[in-house]
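Reader: I am new to this structure and would like a close look at a single part of it. Could you take one strand and its surroundings and lead me through them with care?

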Amino acid sequence: MRIRHPAAIAASEITPRALFDRRREFLRASAGLALSTLVPQAEARLGPGKPSIYSTSEAPTPLKHVAGYNNFYEFGTDKEDPAQYAHALHTRPWTVSIEGLVQKPKTLGIEELLRLAPLEERIYRLRCVEGWSMVIPWLGFPLATVLKQVEPLGNAKYVELVTAAQEDTMPGVKRHVLDWPYTEGLRLDEAMHPLTLIAVGLYGDVLPNQNGAPLRLVVPWKYGFKSGKSIVKIRFTESEPRTAWMKAAPREYGFYSNVNPEVDHPRWSQATERRIGEFFKRRTLPFNGYGEQVAQLYAGMDLRKQF
Ligand code: MTE
């Protein structure tokens, strides 16, 4: 992993222009990187300083926090553990098996996945269920692009995402903190939503291992734990998959996990959040501020019961 100049830049200085310059710098300097297949595409497709229409204009959280304060329990439960230990993760070769209720199951290598779609920069808010939040400039493409490759069958209603459990590199998987591998799930319409992203990079650079290299999910209107890191399998199912957090604490973590300031976690309020790097708390927004785009997915549901 290479974090160069760990954004010693203040958040206020990070303008779209600055982001763009960093990205160009990275793209020029990165020949020979493991992700070299990503580079020509990113170079060709990222417009000058133009983050996607889905991006927030809020200041991105400095890279030192994005890549230094993480939850990746496979590497330990302290926030500093992933940055300290995830360099060991084997990210090549890497394949993602797409299976279950589909016409054409496929196993795609990371290189093939990177060729499926243009890379976009998406600056999204990420709200962790623990009460902190960040703004992260991701590089990626919609999960829908991947799902369309396999022609889902009519009875497929959900997708289960299974992440890596590398016993030799992940000290956490020897401890029974969660039922490994870490799994997550989405209803098919959530998975196909244009905001739902597969991220392969951030801050214009290759995804740091601690953020879920080589590819991770990002679902910006849900609590951060829905965004499974280092995905190895996507399975289409008819019934709602049970996720690692539902198995660990069913009263605390539901399947939907939409950010909702009105539904408290049994042990703490979800009404406010602390943006990492800021002092004062902010009010948490319904659906993390993405309600206009996603609220209709839940029309008619009781979000207190289906939390
Ligand atoms: N994915 C895996 N495989 N293991 C994890 O422990 N933690 C989740 C999510 N994805 C986790 C995971 C949680 S709780 C959060 S808040 C986000 O990753 C954090 O993502 P970040 O470290 O990139 O900010």
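**Strand β7 and its surroundings**

Author: A hairpin of five residues joins β1 to β2, where strands are DSSP runs of E with at least two residues, numbered from the N terminus; that is a brief point of entry, and the part to look at closely is strand β7. This is a predicted model, in which local features need pLDDT of at least 70 and side-chain atom pairs count only at pLDDT 80 or more, while totals for chains, interfaces and linings use all residues. Residues are numbered from 1 along each chain as its sequence is written, and side-chain values use heavy atoms, with hydrogens and water left out.

Strand β7 covers residues 197–202, and six of its six residues are buried, a word that stands for under 20% relative accessible area, with a 1.4 Å probe and protein chains only. Several strands pair with β7, pairing being counted if DSSP finds at least two bridges between two strands. Strand β4 (residues 132–142) runs antiparallel to β7 and is joined to it by five bridges; within this pair, Trp138 has Leu202 of β7 as its bridge partner. With strand β8 (residues 205–206), β7 pairs in the antiparallel sense over two bridges, and here Gly201 is matched with Val206 of β8. The hairpin of β7 and β8 has two residues between the strands, and Tyr203 in that hairpin takes a positive phi near 50°.

Strand β9 (residues 216–218) also pairs with β7 in the antiparallel sense, over three bridges, and Ala199 has Arg216 of β9 as its bridge partner. Arg216 leads from the strands to the ligand, since a polar side-chain atom of Arg216 lies 2.9 Å from an oxygen atom of the ligand, which falls under the term polar contact, a pair of N or O atoms within 3.5 Å. Taken alone the ligand exposes 540 Å², of which the protein buries 98%, the areas coming from the Shrake-Rupley method with a 1.4 Å probe.

Around the ligand there are 16 residues, of which Asn70, Tyr73, Glu74, Ser227 and Lys229 come nearest; a residue counts as near if one of its heavy atoms lies within 4 Å. A polar side-chain atom of Asn70 lies 2.8 Å from an oxygen atom of the ligand, whereas for Glu74 a polar side-chain atom lies 2.8 Å from a nitrogen atom of the ligand.

Terms used:
Helices (H or I, at least four residues) and strands (E, at least two) are DSSP runs, numbered from the N terminus. Buried means under 20% relative accessible area, exposed over 50%, partly exposed in between (1.4 Å probe, protein chains only). A polar contact is a pair of N or O atoms within 3.5 Å; within protein, one must be able to donate a hydrogen and the other to accept it, and residues adjacent in sequence count only if both atoms are side-chain atoms.
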